[in-house]
Amino acid sequence: MSSNSKANPQAKDSPVEPFKKAVASALRAMAGKEEVEVQFAADRPSLVDAGEIVRARLPEPPRKPTPKDIAVLRGHADSYALKLACHDERLHRKLMPEGLDARKVFEAVEQARCDAIGSNRMMGVASNIDAMLEERYHRSNLAEVNDLANAPME
């Protein structure tokens, strides 16, 4: 599978196309799944694992990405790859709590567990995930939260 270069004929002219192909290949290699469909879009990053169909949507990099842009994008890809490689969906469903808030916390802890496995084994992955998390927290304005009651549970 390749990035969304087939959908966009002008993508071949893009200077970031080789980088996008490398990120997609690294995601598949770390996940141990060649069939992962990797897309780059301005939409929110996401991972959908529907068994036979696995789709990862990553942020579209700017034409001239900064080192921070690159690290954040790689952080998303590394995090998704680690979830695909380290997550046991059957066990997860069996242990998942009933309440909505409890499920959100359970999901966040599971993602942190998967990220920690790769971060402890690979220094570059740790740096990428750190950059991704810093960007996520910056965008969510968590620095503005001054009362625990106003903080999201997860």
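This is a short tour of a predicted model, with a selection to make at each stop.

**Stop 1: the sheet.** Select strand 1 (37-41), strand 3 (53-59) and strand 2 (46-50). Together they form an open sheet of three strands, in the order 1-3-2 and with mixed pairing. Strand 1 and strand 2 are at the edges with a single partner strand each, so one side of each has no neighbour in the sheet. From one strand to the next, the twist averages 15°.

Now zoom in on strand 1 and strand 3, which pair in the parallel sense over five bridges. Here you can find Phe 40 opposite Leu 58 of strand 3.

**Stop 2: helices on the sheet.** Add helix 1 (17-31). Helix 1 lies across strand 1 and strand 3, at about 140° to strand 1. Next, add helix 2 (residues 67-86). Helix 2 lies across strand 1, strand 2 and strand 3, and runs at about 160° to strand 3.

**Stop 3: the cores.** Show the side chains of Leu 27, Val 36, Val 38, Phe 40, Leu 58 and Leu 84, the residues with the most contacts inside the largest nonpolar core, which has 15 residues. Which element gives the most to this core? Helix 2 does, with five residues. Then select Leu 82, Cys 114, Val 125 and Met 132, which belong to a second, separate core of five residues.

**Stop 4: two helices crossing.** Finally, show helix 4 (residues 100-121), which packs against helix 2 at an angle of about 100°, with the axes 8 Å apart. The two helices are therefore roughly perpendicular. Among the residues that meet here are Ser 79 and Lys 83 in helix 2, and Glu 107 and Arg 113 in helix 4. By class, this contact has four nonpolar, three polar and five charged residues.

Methods: Residues numbered from 1 in each chain as written. Predicted model: local features only at pLDDT ≥ 70, side-chain atom pairs only at ≥ 80, totals over all residues. Heavy atoms only, no water. Axes fitted to C-alpha atoms, helices over the stretch in contact; angles between N-to-C directions. Helix = DSSP H or I, 4+ residues; strand = E, 2+ residues; numbered from the N terminus. Parallel < 35°, antiparallel > 145°, perpendicular 65-115°, else oblique. Contact = heavy atoms within 4.5 Å. Nonpolar A, V, L, I, M, F, W, Y, C, P; charged D, E, K, R; others polar. Core = buried A, V, L, I, M, F, W, Y, C linked by side-chain atoms within 4.5 Å. Buried < 20%, exposed > 50% of the residue type's maximum accessible area, 1.4 Å probe, protein only. Pairing = 2+ DSSP bridges.
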